[in-house]
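Colleague: Please take a close look at one part of this model, the largest pocket, and then at the aromatic contacts.

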Amino acid sequence: MDEPALGEIGPIEDATLLARVMTTDVSRDCRVAAIEALGDLAPADPRIGLTLVEGMRNPDPAIRAASYQTLKLITGQDLGFEISQWEELAQARLNEMQPPDVQTAP
């Protein structure tokens, strides 16, 4: 049975597959294409933002630049090349998606 093509699965699953390609593919061109495709999908999953922040730490300047451009596209913000600021933003978005702690009465 053939694997479904991107776009036939759904944006969340597509974003997960693209993030996997971004971090594991041996071809720089494939990794950059995956990063750019994440920008086209603009996934709401905050874990993708953290993955892109990690991309900004990559030694390859093409991966770093693509990750930066995609972060700007997805967030609508430009925090420059200061990774810690992007990391704070991505972590804050992830924290917003976490369910609040359930507190019990004493």
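Modeller: The pocket comes before the aromatic pairs below. This is a predicted model, in which local features need pLDDT of at least 70 and side-chain atom pairs count only at pLDDT 80 or more, while totals for chains, interfaces and linings use all residues. Residues are numbered from 1 along each chain as its sequence is written, and side-chain values use heavy atoms, without hydrogens and water.

The largest pocket holds about 210 Å³ of space. Its lining has 15 residues, of which Ala44, Asp45, Pro46, Ile74 and Arg93 are the closest to the centre. A pocket here is an open set of points on a 1 Å grid over the protein atoms alone, where a 1.4 Å probe fits, with protein on both sides within 12 Å along at least five of seven lines; lining residues have an atom within 4 Å of a point. The volume is the space filled by probe spheres set on the points. Helix 5 (83-97) is among the helices that each supply at least two lining residues, and its 6 residues are the largest share. Helices are DSSP runs (H or I, at least four residues), numbered from the N terminus.

The whole structure has 2 aromatic pairs. One of them, tyrosine 68 with tryptophan 86, is edge-to-face, at 6.3 Å centre to centre and 80 degrees between the planes. Rings of Phe, Tyr and Trp (its six-membered ring) pair if their centres lie within 6.5 Å, and planes over 60 degrees apart count as edge-to-face. Tyrosine 68 counts as buried because its relative accessibility is 7%, where buried means under 20% relative accessible area with a 1.4 Å probe, protein chains only.

Notes:
Phe/Tyr/Trp six-rings, centres within 6.5 Å; stacked < 30°, edge-to-face > 60°. Buried < 20%, exposed > 50% of the residue type's maximum accessible area, 1.4 Å probe, protein only.
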